[in-house]
Amino acid sequence: MKFAFLGDSITLGYALENREQDRFPAVFSRMTGHTEINLGITGTLVARAGLSASDGTAYVDRYPQMEGADYAVVFGGTNDYFWSDTPISGGDGDAYFVNAVPGIAETVPEGTDSVPDAVSASRNRKFHGRFVLA
């Protein structure tokens with residue numbers, strides 16, 4: 001089973017001495033025997049704002065890279081809150097975090113109700129499927 005992890009420096013394993021081994025997605029994949037697809041880029045935002053506004057690294061620009069994964073795990077929001085030049089909410093469009101998250105979740109194909117025991121999935125009726133927002 002393939003798990004795509006979309007995120008920022010935390011997902012990438014920034015500052016870890018052995019990031020390929022010690023970052024959360026690698027540890028999770030090793031412990032569960034699943035394949036890791038790591039889509040972490042340091043400093044990126046979920047929303048299309050700040051530096052992520054024009055360089056194609058916002059999560060809303062990168063989520064198509066999760067295609068083919070059995071599960072999508074999204075770690076984000078820290079950079080949106082602390083480092084963005086745009087408020088978390090306040091307008092329309094994917095430059096705002098509160099709009100970008102549902103936009104990503106809506107693209108995840110509807111899945112089944114079977115989630116491995118090792119996964120704590122947050123499920124929303126609207127976004128029923130294989131989507132974990134951490």
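Two strands pair if DSSP finds at least two bridges between them. That rule opens this report on a predicted model.

## The strand β1 and its partners

Start with β1, which spans residues 2-7. Its neighbour β2 covers residues 35-40. The two strands run parallel, and 6 bridges join them. One pair to find in the structure is Gly-7, which stands opposite Gly-40 in β2.

β1 also pairs with β3. Here there are 4 bridges, and again the strands run parallel. Look at Leu-6: its bridge partner in β3 is Val-74.

How many of the 6 residues of β1 are buried? The count is 5, so β1 is mostly covered. In a regular strand the side chains alternate between the two faces of the sheet.

## Two nonpolar cores

The largest nonpolar core has 14 residues. Seven members touch the most other members: Leu-6, Val-46, Tyr-59, Val-60, Met-66, Ala-100 and Ile-104. Several elements feed this core. β1, α4 (59-62), β3 (71-74) and α6 (97-105) each supply at least two residues. Which of them gives the most? It is α6, with 3 residues.

Met-66 shows how parts of the chain meet. Leaving aside residues up to four places away in sequence, Met-66 touches Ala-4, Leu-6, Leu-39, Ala-72 and Ile-104.

There is also a second, separate core of 6 residues. Among its members are Phe-3, Tyr-71, Val-73 and Phe-75.

## A buried acid: Asp-8

Asp-8 sits in the loop between β1 and α1 (9-12). Asp-8 is buried, yet it has no salt bridge. Why not? A salt bridge needs a side-chain nitrogen of Lys or Arg within 4 Å of a carboxyl oxygen of Asp or Glu, and the nearest side chain of opposite charge, Arg-62, is 7.8 Å away, so the rule is not met.

Asp-8 does have a polar partner. Its side chain reaches the backbone nitrogen of Ile-10 at 3.1 Å. Further along the sequence, Asp-8 touches Gly-40, Ile-41, Thr-42, Thr-44, Tyr-59, Phe-75 and Asn-79; residues up to four places away are not counted here.

## Salt bridges

Side chains of opposite charge can pair when their charged atoms come close. In this model the count comes to 4 salt bridges. The table gives some of them, with the N to O distance.

| Positive residue | Negative residue | Distance, N to O |
|---|---|---|
| Arg-23 | Glu-20 | 3.4 Å |
| Arg-23 | Glu-36 | 2.9 Å |
| Arg-48 | Asp-94 | 2.6 Å |

Arg-23 appears in two rows. Glu-20, Arg-23 and Glu-36 are linked in a network of salt bridges. Is Arg-23 buried or exposed? Arg-23 is buried, because its relative accessible area is 7%. Glu-20 counts as exposed, because its relative accessibility is 52%. Glu-36 is partly exposed, at 23%.

What does the pair of Arg-23 and Glu-36 tie together? Arg-23 lies in the loop between α2 and α3 (24-32), and Glu-36 lies in strand β2, so the pair links parts that are 13 residues apart in sequence.

Arg-48 and Asp-94 form another tie. Arg-48 is in the loop between β2 and α4, while Asp-94 is in the loop between α5 (78-83) and α6. This pair therefore ties together parts that are 46 residues apart in sequence. Both residues count as partly exposed: Arg-48 has 27% relative accessibility, and Asp-94 has 28%.

## Two more residues to find

Asp-22 lies in helix α2, which covers residues 19-22. Asp-22 counts as partly exposed, because its relative accessibility is 44%. Beyond residues up to four places away in sequence, Asp-22 touches Leu-16 and Val-27. Asp-22 and Leu-12 are 10 residues apart in sequence, and their C-alpha atoms are 10.0 Å apart.

Gln-65 is in the loop between α4 and β3. Gln-65 is partly exposed, with a relative accessible area of 46%. How far apart in space are Gln-65 and Leu-6? They are 59 residues apart in sequence, and 8.8 Å apart from C-alpha to C-alpha.

Definitions and conventions: Residues numbered from 1 in each chain as written. Predicted model: local features only at pLDDT ≥ 70, side-chain atom pairs only at ≥ 80, totals over all residues. Heavy atoms only, no water. Core = buried A, V, L, I, M, F, W, Y, C linked by side-chain atoms within 4.5 Å. Buried < 20%, exposed > 50% of the residue type's maximum accessible area, 1.4 Å probe, protein only. Contact = heavy atoms within 4.5 Å. Lys, Arg positive; Asp, Glu negative; His and termini not counted. Polar contact = N/O pair within 3.5 Å; in protein donor to acceptor, adjacent residues only side chain to side chain.
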